[in-house]
Amino acid sequence: MSGTLYLIGTGPGDPELLTLKAARVLSALAGVAYPQKPGTISQSLTIAEMHLSDNVEHFAFDVPMAVDRGPAQAAYDQMAEHLAPKLAAGQNIGYL
(Lines give C-alpha, C1' and ligand atoms only; values in the text may rest on other atoms or scores of the structure.)
Protein backbone atom coordinates (compact mmCIF):
# COMPACT_ATOMS: atom_id res chain seq x y z
CA MET A 1 0.00 0.00 0.00
CA SER A 2 1.42 3.36 -1.00
CA GLY A 3 1.42 6.40 1.21
CA THR A 4 -0.07 9.72 0.18
CA LEU A 5 1.85 12.87 -0.64
CA TYR A 6 -0.20 15.83 0.62
CA LEU A 7 0.51 19.27 -0.84
CA ILE A 8 -0.23 21.73 1.95
CA GLY A 9 -0.43 25.48 1.45
CA THR A 10 0.63 27.48 4.49
CA GLY A 11 -1.58 30.46 3.74
CA PRO A 12 -0.79 34.11 4.39
CA GLY A 13 1.73 33.45 7.16
CA ASP A 14 -0.31 33.10 10.34
CA PRO A 15 -0.39 29.54 11.78
CA GLU A 16 -3.93 30.17 13.04
CA LEU A 17 -5.15 30.85 9.49
CA LEU A 18 -4.40 27.38 8.11
CA THR A 19 -7.50 25.51 7.06
CA LEU A 20 -8.96 22.98 9.49
CA LYS A 21 -8.17 20.26 6.95
CA ALA A 22 -4.52 21.36 6.69
CA ALA A 23 -4.19 21.32 10.49
CA ARG A 24 -5.79 17.86 10.68
CA VAL A 25 -3.56 16.43 7.94
CA LEU A 26 -0.41 18.00 9.42
CA SER A 27 -1.11 16.44 12.81
CA ALA A 28 -1.33 12.92 11.32
CA LEU A 29 1.71 12.86 9.02
CA ALA A 30 4.65 10.46 9.28
CA GLY A 31 6.89 13.02 7.60
CA VAL A 32 6.94 16.60 6.41
CA ALA A 33 9.04 17.93 3.51
CA TYR A 34 9.73 21.56 2.81
CA PRO A 35 12.00 23.75 0.72
CA GLN A 36 14.25 26.33 2.29
CA LYS A 37 16.82 28.77 1.02
CA PRO A 38 20.32 27.52 1.88
CA GLY A 39 21.33 28.68 5.36
CA THR A 40 17.79 29.63 6.44
CA ILE A 41 14.85 28.08 8.23
CA SER A 42 11.78 27.37 6.10
CA GLN A 43 9.06 29.98 6.53
CA SER A 44 6.48 27.32 5.66
CA LEU A 45 7.77 25.09 8.44
CA THR A 46 7.61 27.96 10.92
CA ILE A 47 3.93 28.43 10.01
CA ALA A 48 3.01 24.73 10.11
CA GLU A 49 5.16 23.68 13.07
CA MET A 50 2.54 24.06 15.79
CA HIS A 51 0.28 21.58 13.98
CA LEU A 52 2.89 18.80 13.60
CA SER A 53 3.14 15.83 15.93
CA ASP A 54 6.31 15.49 18.01
CA ASN A 55 7.45 12.36 16.18
CA VAL A 56 7.06 13.61 12.59
CA GLU A 57 10.15 13.09 10.43
CA HIS A 58 11.50 16.27 8.78
CA PHE A 59 12.85 16.45 5.23
CA ALA A 60 14.37 19.87 4.60
CA PHE A 61 15.63 20.57 1.10
CA ASP A 62 17.85 23.50 0.26
CA VAL A 63 16.54 25.13 -2.90
CA PRO A 64 18.77 27.79 -4.45
CA MET A 65 16.87 30.91 -5.43
CA ALA A 66 18.46 32.12 -8.65
CA VAL A 67 17.52 33.11 -12.18
CA ASP A 68 19.00 29.84 -13.48
CA ARG A 69 16.34 27.28 -12.51
CA GLY A 70 18.64 24.29 -13.09
CA PRO A 71 19.97 24.08 -9.51
CA ALA A 72 16.47 24.44 -8.04
CA GLN A 73 15.15 21.72 -10.35
CA ALA A 74 18.00 19.45 -9.25
CA ALA A 75 17.02 20.05 -5.60
CA TYR A 76 13.38 19.13 -6.32
CA ASP A 77 14.50 16.01 -8.21
CA GLN A 78 16.64 15.01 -5.22
CA MET A 79 13.68 15.55 -2.91
CA ALA A 80 11.47 13.33 -5.08
CA GLU A 81 14.08 10.55 -5.07
CA HIS A 82 14.38 10.79 -1.28
CA LEU A 83 10.62 10.73 -0.63
CA ALA A 84 9.66 8.02 -3.16
CA PRO A 85 10.77 5.06 -0.98
CA LYS A 86 9.00 6.52 2.07
CA LEU A 87 5.76 6.82 0.12
CA ALA A 88 6.24 3.33 -1.37
CA ALA A 89 6.56 2.02 2.20
CA GLY A 90 3.13 3.44 3.03
CA GLN A 91 4.14 6.59 4.89
CA ASN A 92 2.01 9.70 4.46
CA ILE A 93 4.18 12.73 3.75
CA GLY A 94 3.19 16.38 3.62
CA TYR A 95 4.92 18.86 1.35
CA LEU A 96 4.70 22.47 2.47
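K21 sits in helix 1, where helices (H or I, at least four residues) and strands (E, at least two) are DSSP runs numbered from the N terminus. The model is a predicted one, with local features needing pLDDT of at least 70 and side-chain atom pairs counting only at pLDDT 80 or more, while totals for chains, interfaces and linings use all residues. Residues are numbered from 1 along each chain as its sequence is written, and side-chain values use heavy atoms, with hydrogens and water left out.

With 56% relative accessibility, K21 falls in the exposed class; the cut-offs are under 20% relative accessible area for buried, over 50% for exposed, and partly exposed in between (1.4 Å probe, protein chains only). Measuring C-alpha to C-alpha, K21 and I8 come out 9.5 Å apart in space, with their positions 13 residues apart in sequence. Elsewhere in helix 1, which covers residues 20–27, A22, V25 and L26 are buried. These three take up an arc of only 100 degrees around the axis, so they end up on the same side of helix 1; the arc is taken from the directions from the helix axis to the C-beta atoms. That fits the usual helix geometry. An α-helix has 3.6 residues a turn, so residues three or four places apart point the same way. Over on the other side of helix 1, L20 and R24 are exposed. Strand 1 and helix 2 (43–48) are among the elements covering the buried residues of helix 1, contact being heavy atoms within 4.5 Å.

Helix 2 itself contains S44. S44 just makes it into the buried class, because its relative accessibility is 19%. Setting aside neighbours within four places in sequence, S44 has contacts with T10 and L96.

Now for the sheet. Four strands form an open sheet in the order 1-4-2-3, and the pairing is parallel; two strands count as paired if DSSP finds at least two bridges between them. Strand 1 and strand 3 are the edges, each pairing on one side only. On average, neighbouring strands of this sheet are turned by 20 degrees against each other, direction ignored. The axes behind such angles are lines fitted to C-alpha atoms, for helices over the stretch in contact, and angles run from 0 to 180 degrees between N-to-C directions. Strand 2 and strand 3 run parallel and are joined by six bridges. Across this pair, V32 stands opposite H58 in strand 3, and Q36 stands opposite D62 in strand 3. Strand 2 is largely enclosed by the rest of the structure, because five of its six residues are buried.

At the edge, strand 1 holds L5, which is partly exposed at a relative accessible area of 41%. L5 touches L87, I93 and Y95, leaving out residues up to four places away in sequence. L5 and N92 are 87 residues apart along the chain, yet their C-alpha atoms are separated by 6.0 Å. T4 belongs to the segment before strand 1 and is also partly exposed, at 33% relative accessibility. Not counting residues up to four places away in sequence, T4 touches L87, Q91, N92 and I93. The C-alpha atoms of T4 and P85 are separated by 12 Å, with the two residues 81 apart along the chain.

Helix 3 lies across strand 1, strand 2, strand 3 and strand 4, and runs at about 160 degrees to strand 3. Its buried residues are A72, A75, M79, L83 and L87, and the buried residues of helix 3 pack against strand 1 (5–7), strand 2 (31–36), strand 3 (57–62) and strand 4 (93–95). The length of helix 3 (residues 70–88) works out nicely: at 1.5 Å a residue its 19 residues should span 27 Å, and the end C-alpha atoms are 27 Å apart, which agrees. The expected span is 1.5 Å times one less than the number of residues. Helix 3 does have a kink of about 25 degrees at H82, shortly before the proline P85; the bend at a residue is the angle between axes fitted to the seven residues ending there and the seven starting there. Just after helix 3, G90 takes a positive phi of about 95 degrees.

On the way into helix 3, the loop from strand 3 includes D68. D68 is exposed, with a relative accessible area of 52%. D68 and G94 are 26 residues apart in sequence and 27 Å apart in space, C-alpha to C-alpha.
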